[in-house]
Amino acid sequence: MNKYFNLIKEVTLADFKIRYKKSLLGFFWSFLKPLLMMVVLYFIFAIVLNLNTENYVLFLLLGIIIWNFFVDATIISMENIIAKRDLIMKVYFPRQVIVISSCLNSLIVLFFNLVIFFILMLVLGFSLNFNLLFFLVILIPLYLFSLGISYLLTALYVKYRDIYHIWGVFIQIGFWVTPIIYTIDKMPKQFIILYLLNPIARIIELSRDLLIRGNLFNFLNFLVVFIFAIIFYLIGKFAYKKLSIYFPEEI
């Protein structure tokens with residue numbers, strides 16, 4: 001993939017510029033969307049429903065930022081595979097670049113969002129310590145897992161356009177079964193399996209442990225997440241490689 005580094009960089013930056021090209025606020029929407037979502041959910045669950053969770057603003061915002069990255073990466077990958085059909089038709093163009101650059105595009109947005117999160121942490125009296133380095137390590141399986149799912153969805157989407165709509169329903173359900181607005185202990189015991197099998201849920205909890213609760217790095221939990229990420233990445237990449245040869249006739 002090193003030989004495609006410059007191509008990936010150019011496509012990623014071009015997509016990022018186009019993303020907010022005709023928007024008055026431009027890339028500031030990257031900051032505003034998770035903040036506005038956090039405000040609404042905070043009002044509903046912390047004020048109206050009186051959900052008592054310590055440091056709930058940070059708790060909620062971090063969960064939203066991580067979840068939004070995952071959703072954004074998968075959705076943009078599917079959209080770009082159609083938007084860039086002209087490139088797909090060129091035999092010499094490496095098709096995996098589209099998915100990789102789409103996920104990197106979402107990763108840029110993730111870092112912008114995290115800047116706001118870290119500023120809010122400092123405002124609320126938290127300090128940035130050594131745990132920040134461990135948190136950055138957690139972003140590796142987050143990206144790999146999102147890339148693997150994006151590969152898989154994109155490969156299927158080219159042939160079955162219903163995938164886009166099915167995935168839209170799935171991510172709405174996923175938002176509520178993932179501990180974004182509530183803590184793990186609030187989940188009914190019979191649904192804990194959903195958490196154990198959900199890499200995004202584990203990543204969110206690992207991140208909160210490090211940045212908000214100040215706990216030590218849970219290597220075992222990280223190892224489980226990393227294994228999940230590698231498995232889904234390999235499955236997604238394999239499916240994409242096998243099905244991408246049919247893209248020109250399907251697209």
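The following exercises, each with a worked solution, concern helices, burial and aromatic contacts in a predicted model.

Residues are numbered from 1 along each chain as its sequence is written. In this predicted model, local features need pLDDT of at least 70, side-chain atom pairs count only at pLDDT 80 or more, and totals for chains, interfaces and linings use all residues, while side-chain values use heavy atoms, with hydrogens and water left out.

**Exercise 1. Confidence**

Task: State the average pLDDT of the chain, and identify the elements with the lowest and highest mean values.

Solution: The quantity pLDDT is the predictor's confidence in each residue, from 0 to 100. The chain average is 86, and 92% of the residues score at least 70. Among the elements, helix H2 (residues 29–48) has the lowest mean, 72, and H6 the highest, 95. Helices here are DSSP runs (H or I, at least four residues), numbered from the N terminus.

**Exercise 2. Helix H7**

Task: Compare the span of H7 with its expected value, and determine where its buried residues lie around the axis.

Solution: The expected span is 1.5 Å times one less than the number of residues. For the 16 residues of H7 (residues 162–177) this gives 22 Å, and the end C-alpha atoms are 23 Å apart, which agrees. The next step is burial, where buried means under 20% relative accessible area, exposed over 50%, and partly exposed in between (1.4 Å probe, protein chains only). The buried residues of H7 are Ile163, Trp167, Gly168, Ile171, Gly174 and Phe175. These cover an arc of only 140 degrees around the axis, which puts them on the same side of H7; the arc is that of the directions from the helix axis to the C-beta atoms. On the other side of H7, Asp162, His165, Ile166 and Gln172 are exposed. An α-helix has 3.6 residues a turn, so residues three or four places apart point the same way.

**Exercise 3. Aromatic pairs**

Task: Classify the ring pairs Phe117–Phe118 and Phe118–Phe135, and locate the second pair in the chain.

Solution: Rings of Phe, Tyr and Trp (its six-membered ring) pair if their centres lie within 6.5 Å; planes under 30 degrees apart count as stacked, over 60 as edge-to-face and the rest as tilted. By this rule the count is 18 aromatic pairs. For Phe117 and Phe118, the ring centres are 5.8 Å apart and the planes stand at 65 degrees, so the pair is edge-to-face. For Phe118 and Phe135, the centres are 6.3 Å apart and the planes stand at 90 degrees, so this pair is edge-to-face. Phe118 lies in helix H5 (residues 96–123) and Phe135 in helix H6 (residues 131–159), so the pair ties together parts 17 residues apart in sequence. Both Phe118 and Phe135 are buried.

**Exercise 4. Two buried residues**

Task: Give the location, burial and contacts of Lys84 and Val158.

Solution: Contact means heavy atoms within 4.5 Å, and residues up to four places away in sequence are not counted in either contact list. Lys84 is placed in the loop between helix H3 (56–83) and helix H4 (85–88). Lys84 has a relative accessible area of 13% and is therefore buried. The contacts of Lys84 are Val11, Asp15 and Ile98. Val158 lies in helix H6 and, with a relative accessible area of 3%, is buried. Val158 touches Ile81, Phe247, Glu250 and Ile251.
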